[in-house]
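Let's take a relaxed walk through a protein, from its surface to its inside. Have the structure open while you read.

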Amino acid sequence: MGKTYKIAVITGDGIGPEITEATMLALDSVGLDFEFVKVAAGLNAWEKLGNQLPQETVDTIKASDACLKGPTQTPPGPGSFKSATVTLRQILDLYANVRPFKNHPGVPSVHRGVDMIIVRENTEGLYKGIEYTVGDSALGIRVITRRGSERIAKFAFELARREKRKKVTVVHKANVLKETCGLFRNVVAEVAKGYPDILFDEMHVDAAAMRIAMKPQDIDVIVTTNLFGDVLSDETAGIVGGLGIAPSANVGDSFAFFEAIHGSAPKHAGKWDANPVAIMLSASMMLKYLGEVNAGSRFESAIDTVLAEGITVTRDLGGNAGTMDFAKAVAEKLGPR
Ligand code: NAD
């Protein structure tokens, strides 16, 4: 008998419980043994337990092999609680947010031939959340450190080498944000010297946004700061078929969680019609992180096969299947255990 992987599952808010349920169902057909432990975080947890990220949730994640995370909701504006996702990244020191983007069969997209990865620094920048209101002004502090920049740069180059990528592009705005972006840019350029086998170049964030819209095939691996990475990744999701198909991994040296890049889509909650592809592709990244590379590839192929057939797909992809229909179709492709 093989290992049983203990997976903490943050079911989350909105469509979260539905897409995590779908993913657990499909994962059960991949030929591995899992113990799924559901844990609370986000608005639901806040309303029920008075805490958007209960200690028990953090402890369970730390005691698990990995965490699958449904989207969590954070009310906007002053006086509201801090995002459970951002807090979790900081507590677990998950400094690398890896967001791969490529075309999937059967999914209509603005561009073909896209195959890029955004590596987003995940613990610093403006998302550090250091903000003040002084009189009629609101101020935010952008934190960029040498240590933070160095470790994300190394992570990006190591990933590029491992995945046989050709080029890493640092995206910044150092012509205006001279201290913060200047430090980030310079540290990444220093790290690049240790990777002569990989091409290195740089782009201002505004130019990068346009290049992604016009000619994303030029881009291989991007490494960038927290807020820029967040914005550019929704844009990139948009050109390969939308938020419903864009996965991510949040990785540190000891822990990791895997989530769709989209949010809780409250309008879809309770309808069981949301697209589970993004979180299922995140689960495929989770399998590879666990060392189950073949199972991860088989899981992704089964998802792609159902997408290519185009029969059992959700409304955002032009079909009328429900969330669980898609998951069952993927499970069927994986075959009986
Ligand atoms: P969103 O990603 O939830 O929704 C944006 C649009 O995409 C909506 O039209 C939505 O219906 C659609 N959409 C998203 N995922 C979909 C799916 N799987 N299938 C079909 N359609 C889908 O973004 P938002 O509306 O800006 O945010 C809603 C909430 O989500 C906010 O409270 C925000 O804080 C939270 N959020 C959480 C995370 C996270 O947990 N990592 C990330 C982003 C936003």
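Helices (H or I, at least four residues) and strands (E, at least two) are DSSP runs, numbered from the N terminus. Keep in mind that this is a predicted model, where local features need pLDDT of at least 70, side-chain atom pairs count only at pLDDT 80 or more, and totals for chains, interfaces and linings use all residues. Residues are numbered from 1 along each chain as its sequence is written, and side-chain values use heavy atoms, leaving out hydrogens and water.

Let's compare two residues. Buried means under 20% relative accessible area, exposed over 50%, and partly exposed in between (1.4 Å probe, protein chains only).

| Residue | Place | Relative accessible area |
|---|---|---|
| Tyr-132 | strand 6 | 45%, partly exposed |
| Pro-276 | loop between strand 12 (256-260) and helix 9 | 0%, buried |

Which residues touch Pro-276, leaving aside its neighbours within four places in sequence? Counting contact as heavy atoms within 4.5 Å, they are Ile-19, Ala-22, Thr-314, Thr-323 and Phe-326.

Phe-326 also turns up in the largest nonpolar core, among the residues with the most contacts inside it. A nonpolar core is a set of buried Ala, Val, Leu, Ile, Met, Phe, Trp, Tyr and Cys residues joined through side-chain atoms within 4.5 Å. This one has 87 residues, and its largest share, nine residues, comes from helix 9 (residues 277-289). A second, separate core has 13 residues, including Ile-10 and Phe-257.

Val-330 is another of the residues with the most contacts in the largest core. Beyond its neighbours within four places in sequence, Val-330 is in contact with Ala-26, Met-280, Phe-299, Ala-302, Ile-303 and Val-306.
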